[in-house]
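Got the viewer open? Let's take a walk through this one, a stop at a time.

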Amino acid sequence: MESVQDPGVSPSPLPVLVNDLGTQTDDEPLTQYSISSKALSPVAFDELRRYRCFVTPQGWVLALDPASCQTFLCRPQDGERIQLPPKEQGFPESCKCLLSDMPGAASGSSVVVFDLDDNEMWVCKIGATNWDSHRYEPSMFVKGRIPQLTNIAMGHGIAAVGGRIYFELTAREMGVIDFNGKEGLKLDTIEVDMVDLPLSIRMASMYLVESSGELFLVVIFFDGENVHKIANHAVYKMDFSEPKWCEVDEIGADRVFLLGGDRLGISCFGASCSAGDHGLGGNCIYFLNHVPTTTKSFLHVIDLKTGTEEARRPFITHNGYHMMPVRSPFWLLPTESTLQAQGSFFVPLVPIKEFAIKRSTSVGVG
């Protein structure tokens, strides 16, 4: 694993929300909103201007050079880089990226990129010389006898814990991508009932979050069809010994959850970080909901200890005008070494008979 420190990068007040107005303005197009100071400033992470970037819930950013298709991981707070092999044809327009574990984990760590418009994903283990392309053929939702195909990452909560990636699957199962087996990449399930949602709630958004080596599920309930008004919320923690979801009243005095961004209900981005190290109050959920067809971006701050909620409009105007960003606002996060690298639990896995995965191509350094 090659790591390069960029001496020209200064620390930034992470976590921040990033808004990109592209060429619509002569002023600074990339603006970051600090949730601790509630202030706007130019983006300090220069890689966002020079490369195509994919933010991971672990804080590391996957960057791709459009000219050479060279890839690397970069840490926003200090510019440290981990070199990865080039990817022959770049990535599709709509993607989501995760790490299977923190870099340096004993079992190794893989960078995983999901195509949100197709059933394909790309995997590169840190230290490897190529990107591997995999296609999967899931038939998980059945109406009558007709199998329904679905996408692992689009419209589903997804999170990495202990070297495995977990994703919402059905009302009775969670999907698992296991990177630690001797057979290489493997898709399985664990049997667990999904939480019950109130029949009176017409719209909700669900997020899986890894925090200090534990898996959480956050449900945001909207007021009728108004996605900018929150009616209620619920937080659950996975008990892997059962396994089952257990509702909890708090997430930790020194933890915050960062949800949303990208496309509401499509990307389902969920992450966590420490509170005290970044000037934040603990036991809080920061939920950004952005509707791509409008200029409206609301940041909801939910305090689990007091039960209160605050709604902010971090990007309401630009020089007095409402402007549509060229891409949806997204989180830029600090990286942390959490307990997730230890993988201290064992969950019985059930092979998915209708869920096949195929390694289609291998591209990169020969």
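Start by selecting Y207: it stands opposite V218 in β20. Strands such as this one are DSSP runs of E, at least two residues long, numbered from the N terminus.

Before moving on, a word on what you're looking at: this is a predicted model, where local features need pLDDT of at least 70, side-chain atom pairs count only at pLDDT 80 or more, and totals for chains, interfaces and linings use all residues. Residues are numbered from 1 along each chain as its sequence is written, and side-chain values use heavy atoms, with hydrogens and water left out.

**The sheet**

Now widen the selection to strand β20 (residues 214–223), which pairs with β19 in the antiparallel sense over 8 bridges. (Two strands pair if DSSP finds at least two bridges between them.) Add the rest and you have an open sheet of 4 strands, antiparallel, in the order β19-β20-β21-β22. Which strands stand at the edges? They are β19 (204–211) and β22 (244–248); each has a single partner strand, so one side of each is left without a neighbour in the sheet. Turn the view and look along the strands: neighbours are turned by 35° against each other on average, direction ignored. That angle is taken between axes, lines fitted to C-alpha atoms, with angles between N-to-C directions running from 0 to 180 degrees.

Next, pick strand β21 (residues 226–239), joined to β22 by 5 bridges in an antiparallel arrangement. These two, β21 and β22, make a hairpin with 4 residues between them. Click K237 and you'll find its bridge partner in β22, C246.

**The cysteines**

How many disulfides does a search of the whole structure find? The count is 0, a disulfide here being a pair of cysteine sulfur atoms within 2.5 Å. Try C95: the nearest cysteine sulfur, that of C97, is 8.8 Å away. C95 is also buried, at 12% relative accessibility, and C69 is buried too, at 13%. Buried means under 20% relative accessible area, exposed over 50%, and partly exposed in between (1.4 Å probe, protein chains only).

**Confidence**

Last, colour by pLDDT, the predictor's confidence in each residue, from 0 to 100. The protein averages 81, and 76% of the residues score at least 70. Among its elements, strand β7 (residues 71–74) has the highest mean, 97, and strand β1 (residues 3–4) the lowest, 38. Select residues 1–12: pLDDT stays under 50 there, and the model has 25 contacts for them beyond four places in sequence, a contact being heavy atoms within 4.5 Å. Where pLDDT is low, the predicted coordinates should not be read in detail.
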